[in-house]
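Me: I am new to this structure and would like a close look at a single strand. Please take me through its surroundings step by step.

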Amino acid sequence: MPFIQALGQFSYKVGAGNFCLVHVSLVPVLNCVGEQKTKPTQHSVRGLRGQGLAPHILACRSTMGSNTIASQVLDEAAKGKLSQFCLIPGENIITLYDVPNIWHIPLLLRDQKAHEAIFKVLNLNCVIKEPRLDEWTNRAEACDLLHEPVRIALVGKYTELSDAYLSVLKALVHASVDCRKKLFVDWIPASNLEDATAKENPDAYKAAWKLLKGAEGILVPGGFGDRGVQGKILAVKYARENRIPFLGICLGMQIAVVEFARSVLGVKDATSTEFDLNTKSPYVIFMPEGSKTHMGGTMRLGSRRTYFQTKECKSAKLYGCRSFIDERHRHRYEVNPDFVSRLENAGLSFTGKDETGQRMEIAELPNHPYFVGVQFHPEFKSRPGKPSPLFLGFIAAACGQLDVVLQRCSNVDSNGLLKVPPIKTYQKKSSLKPSYRPPEYVLESVKGLNF
């Protein structure tokens, strides 16, 4: 409510013609009636008006429990009611329905002239131009036609809620599309890989290991707390010993260091002080920006600079052989610098460090097809058409394209992201208009597994 009130005050201060409010609302359908109900939207618009906000554009979501777009398009009767009772012009009421992939949404909005409605509200009719979405259209259609799979095992703590790793998932999608592969993600709860689960729930244990062993790449994302840590260590060990492409992010990198210390250096009690404050082998320690006793302000947050120690490593090549990169951080614990020389002498290379040389930012195994751990979060800067270099390298290694990707990674932009050329349109072009597919198009049935 405070946000809505603040928005109302903002709209009053900037004045008409300088503010455009798009209200997204669900238009439900009662199965027993089969009619799209507009009352919920009418009530929500009335509530907004009561707070001093008048929506200029309505974006309506509707579904009738069917996969066909014809059953999801807002019918004219419903649109007429919304226009009459919400005092919004019919041309400013847009239908948002399920599409094969999210990249069709800008095309859907373009074909319903949403941009013209926004320009009209903002008195920008003099600058109205047809959106240039050719490259975006090609990318959306190319994504529809992907069929060769690449299967990635994501081993984490919060796998029951996939949105917890949404930015990681999107970065995987961006990289997979660039490699012309259809992404399949196997969500593996880290605790299901542990021996305790083998005794308590053998079926879950067997299923988790079956998914892990069937993956072409293994990813351990960031996280907090000690639940599932042993399972993550086992996943890293499997990837290292079986030469499966591996990417560890934040905690994933720390887990990789702990696993290497235990398995290669023989330090069986190696761990992080996050899990054991009194450990005698603290290979990962608390290196905050502030106080040890206060939780607030102790994270290392925001964009930080990483300097490559060599340009011959995979990570440096993926970033175009640059001297340094800027990536976003969000963590409290880091690799203990006192043990770095011991780890490097055993074969683990820290190819990226901060300006002081005390903070380890990137760890690699040079003799592994792709084994990279990073303290930062590269997924935060991944974009459609500009995938994160490390995610692109990970997916490319998983599908046997790493050498090709490394050859073209010398061309990067000012942000250190790849200048990926526009995706070439497949020979099988879609002749359907509008570009977001006609009503008779039937959506693919998925279970949240493939993208």
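Reply: A residue counts as buried when its relative accessible area is under 20%, as exposed when over 50%, and as partly exposed in between, with a 1.4 Å probe and protein chains only. Strands (E, at least two residues) and helices (H or I, at least four) are DSSP runs numbered from the N terminus. This is a predicted model, in which local features need pLDDT of at least 70 and side-chain atom pairs count only at pLDDT 80 or more, while totals for chains, interfaces and linings use all residues. Residues are numbered from 1 along each chain as its sequence is written, and side-chain values use heavy atoms, with hydrogens and water left out.

The strand to look at is β4, residues 149–156, which is mostly covered, since six of its eight residues are buried. Two strands are said to pair if DSSP finds at least two bridges between them, and β4 pairs in the parallel sense with β5, residues 182–189, over eight bridges. Within this pairing, Val-155 of β4 stands opposite Ile-188 in β5. Between these two strands the chain passes through helix α7, residues 166–178, in a right-handed β-α-β crossover, a term meaning that, with the strands pointing away from the viewer, the path from the first strand over the helix to the second runs clockwise.

Strand β4 also runs parallel to β6, residues 217–220, and three bridges join them. Here Leu-154 stands opposite Leu-219 in β6.
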